[in-house]
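Here are my comments on the two-chain model you sent round, set out as numbered points. Please read them with the structure open beside the text.

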Amino acid sequence: MEALGLYNYWLVIALMMTGFYIVITSPNLVKKIIGLNIFQASVFVLYITMGKIIGGSAPILSDQVSVYSNPLPHVLILTAIVVGVATTAVGLSLVVRIYAAYGTMEEDEIVAAEREDP
Amino acid sequence: MIEVLIDEAVLGLMLIIAVGVLYQRNLFAAAMLTSIYSLLAAALFVVMDAVDVAFTEASVGAGISIILALGALALTCGEQKARPVFALGPFLLVLLTGAVLIYGTSDMPAYGDASAPIHRHVAPRYLEDSRGEVGPPNVVTSVLASYRGYDTLGETVVIFTAGVGVLALLGRRRRKAAKPAEEEA
């Protein structure tokens, strides 16, 4: 039971590392932002996992329920989701500007173009 | 017990989709897979009793951010250059980071343990007193709007700044280009 309890965290870490791998290996800027989104969503899952109590219920007060899951991680992650979308929007508009300036959004091609014509 | 199994099944599906995104060259398809990933995360949040987070993730994470990505792809191009996905250096780095993180979980409390330190401190007070101090039966609403109201104010400032940033980046383009560019935010 103890090992099974940690198995959940390990799967979340595997998800995080997949997102991380996409961010560092993909030369395509949009793909990088997509990888960042995947990383972000797995961090959200990590936080919500910590707030869960087995047998608990959603933190909406009721007379029939006595055990509630922890509401604090929920609040923090609500804020983080919205902030994540704001940063995604800024990142994507930067990519659009880069594409307009260089005609490509592959990182190595942008670096090569910079070298040729600084 | 059944909750744990559902969690692990959904997490497994998310892992398959994340690997699918890694191998997908068509960026439109990759964006749609990310949307499915967010939707699965929202399902997971419902299982883990975070219903408010599930609403937000399904509408904002699976909806708006993917619409933004598709908008950006419409303004640029939808194909990624064909390149080998596997690279040894980054793979080892990711493996090492993952191993360190897994080592870090070894003294975490087990999933769903009611006596974990996180459940002992502030949360019981919110659950017991928020009805009398703030009012609404939904504790998440009470904490968001009252106890941690400054967080929410900060979040609004971040969104405002991001909106100004997007307008500053894309607004100039619209004036120069002959056809009107798409609105981002």
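1. Since helix labels recur throughout this note, it helps to fix them at the outset: helices are DSSP runs of H or I with at least four residues, and they are numbered from the N terminus. The model is a predicted one, and every value below should be read with that in mind.

2. On that basis, the secondary structure of chain B consists of seven helices and zero strands, and along the sequence the pattern reads α-α-α-α-α-α-α. The radius of gyration of chain B is 21 Å, whereas the globule rule gives 16 Å for 185 residues, so chain B is more spread out than a compact globule. The C-alpha trace of chain B spans about 60 × 40 × 25 Å along its principal axes.

3. Of the 185 residues in chain B, 39% are buried, and among contacts with a separation of 6 or more, 49% join residues 24 or more positions apart. Chain B exposes about 10,000 Å², and carbon and sulfur atoms supply 70% of that area. As for charge, chain B carries 13 positive and 17 negative side chains, with the centres of the two sets lying 19 Å apart.

4. The contact between the chains deserves its own point, as 79 residues of chain A are in contact with 89 residues of chain B. About 7,800 Å² is buried between chain A and chain B, and carbon and sulfur atoms give 75% of this area. On the chain A side, A:Tyr21, A:Lys52 and A:Leu61 supply 9% of the area that chain A buries against chain B, which is more than any other three residues.

5. What does A:Tyr21 touch, once its neighbours within four places in sequence are left aside? Its partners are A:Ser26 in its own chain and, in the other chain, B:Leu22, B:Val85, B:Phe86, B:Ala87, B:Pro90, B:Phe91 and B:Val94. A:Tyr21 itself lies in helix H1 of chain A, which covers residues 2–25, and it counts as buried because its relative accessibility is 6%, the cut-off for buried being under 20%. The C-alpha atoms of A:Tyr21 and A:Phe39 are separated by 9.5 Å, with these positions 18 residues apart along the chain.

6. From the side of chain B, B:Thr105 is worth inspecting, since this residue is found in the loop between helix H4 (88–104) and helix H5 (122–133). Not counting residues up to four places away in sequence, B:Thr105 touches A:Leu6, A:Tyr9, A:Trp10 and A:Ile13. Its relative accessibility is 6%, and B:Thr105 therefore counts as buried.

7. Is B:Ser38 buried or exposed? With a relative accessibility of 6%, B:Ser38 counts as buried; this residue sits in helix H2 of chain B, residues 27–47. Leaving aside neighbours within four places in sequence, B:Ser38 is in contact with B:Glu57, B:Gly61 and B:Ala62.

8. Finally, I would draw attention to the backbone at B:Asp49, where phi is positive, at about 70 degrees, although the residue is not a glycine. B:Asp49 is found in the loop between H2 and helix H3 (51–75) of chain B, and at 9% relative accessibility B:Asp49 counts as buried.

Conventions:
Residues are numbered from 1 along each chain as its sequence is written. Chains are lettered from A and ligands numbered from 1 in the order in which they are written. This is a predicted model: local features need pLDDT of at least 70, side-chain atom pairs count only at pLDDT 80 or more; totals for chains, interfaces and linings use all residues. Side-chain values use heavy atoms; hydrogens and water are left out. Helices (H or I, at least four residues) and strands (E, at least two) are DSSP runs, numbered from the N terminus. The radius of gyration is taken over C-alpha atoms; the globule rule is 2.2 Å times the number of residues to the power 0.38. Buried means under 20% relative accessible area, exposed over 50%, partly exposed in between (1.4 Å probe, protein chains only). Contact means heavy atoms within 4.5 Å. Accessible areas come from the Shrake-Rupley method with a 1.4 Å probe; for residues, only the protein chains shown count as cover. Lys and Arg count as positive and Asp and Glu as negative; His and the chain ends are not counted. The place of a charge is taken as NZ of Lys, CZ of Arg, CG of Asp or CD of Glu. Buried area is the accessible area (1.4 Å probe) that two parts lose on being put together, summed over both.
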